[in-house]
2 protein chains.
Amino acid sequence: MSNPLPPALRAALDAAIEQARKSWDEGGIPIGSALVDAKGTIVSLGHNRRVQKGSGILHAEMDCMHNAGRRRDWSRMTLVSTLSPCPMCTGMALLYRIPRVVIGENKTFVGAEDWMRHKGVEIIYANDDTCVELMERMKRERASLWNEDIGIDD
Amino acid sequence: MSNPLPPALRAALDAAIEQARKSWDEGGIPIGSALVDAKGTIVSLGHNRRVQKGSGILHAEMDCMHNAGRRRDWSRMTLVSTLSPCPMCTGMALLYRIPRVVIGENKTFVGAEDWMRHKGVEIIYANDDTCVELMERMKRERASLWNEDIGIDD
């Protein structure tokens with residue numbers, strides 16, 4: 001069962017899930033992300049675009065950061081992702097001193113949570129069933145693409 | 001005095017320096033990068049495009065990875081950067097299991113070298129004077145932009 005979230009973060013995770021679905025429908029990887037400011041407003045959304053843009057850097061969280069453009073208020077934001085952030089996306093959050101990360105699920109993949117924790121980032125686990133379902137289908141139906149996305153040469 | 005490098009890596013660092021100069025001339029941040037395959041061939045180049053593309057994710061190393069497109073041979077590559085890679089770029093190298101990183105200089109900025117080392121990445125320090133000069137001018141003449149690039153809200 002999913003963990004309850006504060007309403008603004010639940011809304012952001014729902015928006016990230018919509019991004020993930022969009023990516024899947026485009027033939028891509030179903031991971032979505034949102035950045036939320038201190039007032040709870042979503043400032044940007046993004047989704048994995050490896051397939052769509054032929055890029056190894058456009059994980060959902062990176063796409064979301066790209067879409068946010070040039071700002072300097074990262075240290076008051078929350079990064080929301082449908083999946084546990086990989087080392088690249090974790091490093092991005094650490095570079096920008098983002099203090100809080102919402103993880104939709106970490107049942108199908110565990111990213112660099114240890115590095116985040118070591119650096120004092122607050123992690124909120126949503127344990128969201130929909131996020132799990134999206135990734136389970138991904139790993140079942142597009143397994144090689146998933147390996148590519150996490151740097152495994154299958 | 002700069003440390004000597006094997007010829008293929010010296011050529012790659014020189015190409016990265018040219019990328020850095022290009023970025024400076026465009027009004028941007030003078031950091032460049034190259035990816036080199038197992039045969040010593042440069043497979044992609046990139047430079048910081050924060051200013052040029054209005055993006056927080058386009059550090060030199062990320063731009064270089066983006067330009068390399070979709071490949072699966074990262075674990076046999078060397079990532080070359082004119083500057084010590086920040087946490088985001090370090091995380092990217094770790095995600096893709098890049099085993100070796102050449103650092104042009106780490107006198108003006110030290111990135112997440114400790115994490116790279118912890119994860120077993122081989123680091124080669126070029127201690128290159130030109131790389132240092134490029135960054136010293138950056139920090140002197142475009143200080144606020146540099147702070148933005150490393151996530152400091154000045």
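**Exercise 1.** Classify Glu136(A) as buried, partly exposed or exposed in this predicted model, and describe its salt bridge with Lys107(A).

*Solution.* Step 1: the relative accessible area of Glu136(A) is 34%. Partly exposed covers values between 20% and 50%, so Glu136(A) is partly exposed. Step 2: its partner Lys107(A) stands at 63% and therefore counts as exposed. Step 3: the two side chains meet in a salt bridge of 3.7 Å, N to O. Step 4: Lys107(A) belongs to the loop between strand 4 (100–103) and helix 5 (113–118) of chain A, whereas Glu136(A) is in helix 6 (residues 129–141), so the pair ties together parts 29 residues apart in sequence.

**Exercise 2.** Determine where Arg10(A) and Asp14(A) lie and how far apart their closest N and O atoms are.

*Solution.* Step 1: both residues are in helix 1 (residues 7–25) of chain A, 4 residues apart, which is about one turn of the helix. Step 2: the closest N and O atoms of this salt bridge are 2.7 Å apart. Step 3: Arg10(A) is partly exposed at 21%, and Asp14(A) is partly exposed at 36%.

**Exercise 3.** State whether Glu148(B) is buried or exposed, and list its contacts beyond four places in sequence.

*Solution.* Step 1: Glu148(B) is located in helix 7 (residues 143–149) of chain B. Step 2: its relative accessibility is 8%; buried means under 20%, so Glu148(B) is buried. Step 3: with neighbours within four places set aside, Glu148(B) contacts Arg70(A), Arg72(A), Tyr96(A) and Arg50(B).

Key: Residues are numbered from 1 along each chain as its sequence is written. Chains are lettered from A and ligands numbered from 1 in the order in which they are written. This is a predicted model: local features need pLDDT of at least 70, side-chain atom pairs count only at pLDDT 80 or more; totals for chains, interfaces and linings use all residues. Side-chain values use heavy atoms; hydrogens and water are left out. Helices (H or I, at least four residues) and strands (E, at least two) are DSSP runs, numbered from the N terminus. Buried means under 20% relative accessible area, exposed over 50%, partly exposed in between (1.4 Å probe, protein chains only). Contact means heavy atoms within 4.5 Å. A salt bridge is a side-chain nitrogen of Lys or Arg within 4 Å of a carboxyl oxygen of Asp or Glu.
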